Amino acid sequence: MNGPRTQRSLRREGRMEFDTLIRDGTIVTAVDTYASDVGITNGRIAAIAERLPPESARQVVSAQGAFVMPGGVDVHTHLDMPFGGTTSSDDFETGTVAAAFGGTTTLIDFAIQYKGQTLRTAFDTWMKKAEGRAAIDYAFHCIITDLPDSRLEEMDALVRDGVSSFKLFMAYPGVFMLDDASIFRAFSQAAKSGALVCMHAENGGAIDVIVKRALAEGKTAPKYHALTRPTTAEAEAVSRAIALAEMAGAPVYIVHLSCNDALERVREARDRGLPVYAETCPQYLYLSIENFDAPGFEGAKFVFTPPLREKWHQEKLWAGLARDQLQVVSTDHCPFCYKEQKELGRDDFTKIPNGGPGIEHRLSLVFAGGVGGGRFSVNRFVELVSTTPAKLFGLFPRKGTVAVGSDADLVIFDPNGEETISAKTHHMRVDYSMFEGIRVKGLPRQVLVGGKLTIDNGRFVGRPGQGQFLRRRTYSGV
Ligand code: URP
Ligand code: ZN
Ligand code: ZN
């Protein structure tokens with residue numbers, strides 16, 4: 001690194017161009033792979049060239065033997081979220097630091113409108129939770145739980161303020177679930193304003209009946225969470241969501257898609273040319289209903305919604321990612337500690353807070369299984385974890401690519417770095433890992449957020465609060 005006096009004199013001589021220079025790496029975007037240096041000034045990418053002079057920068061970072069890729073964009077997280085009688089265990093500081101360790105530099109979390117509240121109250125509440133705490137950039141979707149006609153225009157006001165997507169629930173009756181009429185009105189309003197509706201698609205009414213039957217039969221163990229939420233309940237809701245969106249002339253984004261039945265519904269709609277998109281999450285790619293065989297109550301670690309499925313679904317989801325039937329991998333990071341939080345449901349699986357931790361390991365898991373597993377290219381990997389989420393949610397090209405003018409959110413990703421995932425070494429504030437013991441090949445070596453070195457060979461060298469709130473543009477397709 002050059003000393004400060006050298007820097008000043010170089011700047012005076014006009015030879016000092018960059019704050020940071022990333023040298024000798026291989027740039028990977030959704031479309032290209034090529035050897036090049038990257039020069040960074042004022043938090044943005046200022047130059048990309050085969051060779052930039054090292055003396056032109058204050059700080060030089062070597063990317064020898066590694067990929068230089070755009071920072072990960074995780075569009076589905078729940079930090080500091082009250083749910084199931086408790087609150088998710090990562091807040092905007094701990095969760096975003098863990099995200100940075102894993103190469104994610106932007107996240108979109110959910111601001112929840114509780115019944116009777118304005119949508120603005122939800123947004124203000126979550127802005128306060130994040131203020132001054134985030135180590136990476138962040139934005140919000142708004143979860144709508146109560147939508148009389150009088151509130152429809154509040155959706156447009158939020159879109160103008162950069163909250164250009166909404167999550168609706170077809171599950172969790174009495175908590176989050178909206179009826180079909182409200183969902184249809186929301187789609188219609190979104191079609192007018194350019195907002196994107198994200199749908200939690202499960203038939204909550206039918207599931208509720210099945211759950212009550214199970215409890216009446218004394219079936220209270222964690223595995224019954226999965227056994228009472230059939231794949232058909234997810235597929236039916238995906239179909240209904242697509243039909244309601246089509247009638248309203250709106251796009252739809254299906255969140256946390258978990259099974260082949262639901263994937264088929266998405267595929268059919270996309271084959272008809274509808275603007276239907278879907279994400280899956282690493283838990284559905286790596287874990288299965290067999291995880292409920294864990295001893296004692298430990299199956300509770302895998303209670304999230306939609307639930308884990310039979311193992312054969314995993315390969316269908318990987319194929320869906322390879323063939324663009326699925327466009328995004330997010331995490332649905334919603335951590336609850338096993339002790340005291342998951343334990344709330346020891347005698348009744350319906351009282352186990354739903355959610356699992358994953359914000360830290362998305363890039364490594366998708367790279368290892370996707371690229372390492374020979375299922376898709378490194379470019380498709382970048383597209384799934386960064387470019388398409390940025391495009392769908394109004395952040396591209398500021399995020400999601402390596403280009404002059406884009407934010408210098410960059411990951412120096414070592415395709416040969418290896419790690420065994422474990423709660424003993426992870427940085428999420430949660431006392432277990434869903435992926436405990438899984439060995440991954442492909443790790444972030446350095447991570448820059450807005451040009452600032454934030455992770456350096458396993459050390460956090462950034463600052464909580466350095467992350468900025470992002471006002472997002474409206475949906476414009478991919
Ligand atoms: O179990 C889950 N997925 N918890 C978070 C809330 C949601 O439905 O995404
Ligand atoms: Zn959901
Ligand atoms: Zn979620």
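Colleague: A polar contact is a pair of N or O atoms within 3.5 Å, with extra donor, acceptor and neighbour rules inside protein. So how far is a polar side-chain atom of His-200 from an oxygen atom of ligand 1?

Modeller: The gap is 3.0 Å for His-200. Keep in mind that this is a predicted model: local features need pLDDT of at least 70, side-chain atom pairs need 80 or more, and totals for chains, interfaces and linings use all residues. Residues are numbered from 1 along each chain, chains are lettered from A and ligands numbered from 1 in written order, and side-chain values use heavy atoms, without hydrogens or water.

Colleague: What about Lys-167?

Modeller: A polar atom in the side chain of Lys-167 is 2.9 Å from a ligand 1 oxygen. His-76 also has a side-chain N or O atom 3.4 Å from an oxygen of ligand 1.

Colleague: How much of ligand 1 does the protein cover?

Modeller: It covers 100% of the 270 Å² that ligand 1 has accessible on its own. That area comes from the Shrake-Rupley method with a 1.4 Å probe.

Colleague: How many residues surround ligand 1?

Modeller: There are 14, each with a heavy atom within 4 Å. Among the closest are Thr-305, Asp-332 and Asn-354.

Colleague: Thr-305, then. Which residue does a cis peptide bond join it to?

Modeller: Pro-306, with omega about -10°. Pro-306 sits in the loop between H10 and helix H11 (312-322). Helices (at least four residues) and strands (at least two) are DSSP runs, numbered from the N terminus. Phe-396 and Pro-397 are also joined by a cis bond, with omega about 5°. Pro-397 is in the loop between helix H13 (378-392) and E16.

Colleague: Where is Glu-340?

Modeller: In the loop between strand E15 (328-329) and helix H12 (362-372). Its phi is positive, near 70°. Most residues other than glycine have a negative phi, and most peptide bonds are trans.

Colleague: New topic. How many aromatic pairs does the structure hold?

Modeller: 23. Ring centres must lie within 6.5 Å; planes under 30 degrees apart are stacked, over 60 edge-to-face, the rest tilted. Tyr-286 and Phe-435 pair edge-to-face, at 6.4 Å between centres and 80° between planes.

Colleague: What parts does that pair tie together?

Modeller: Tyr-286 is in helix H10 (residues 282-286) and Phe-435 is in the loop between strands E16 (410-420) and E17 (439-449), so the pair links parts 149 residues apart in sequence.

Key
Rings of Phe, Tyr and Trp (its six-membered ring) pair if their centres lie within 6.5 Å; planes under 30 degrees apart count as stacked, over 60 as edge-to-face and the rest as tilted.
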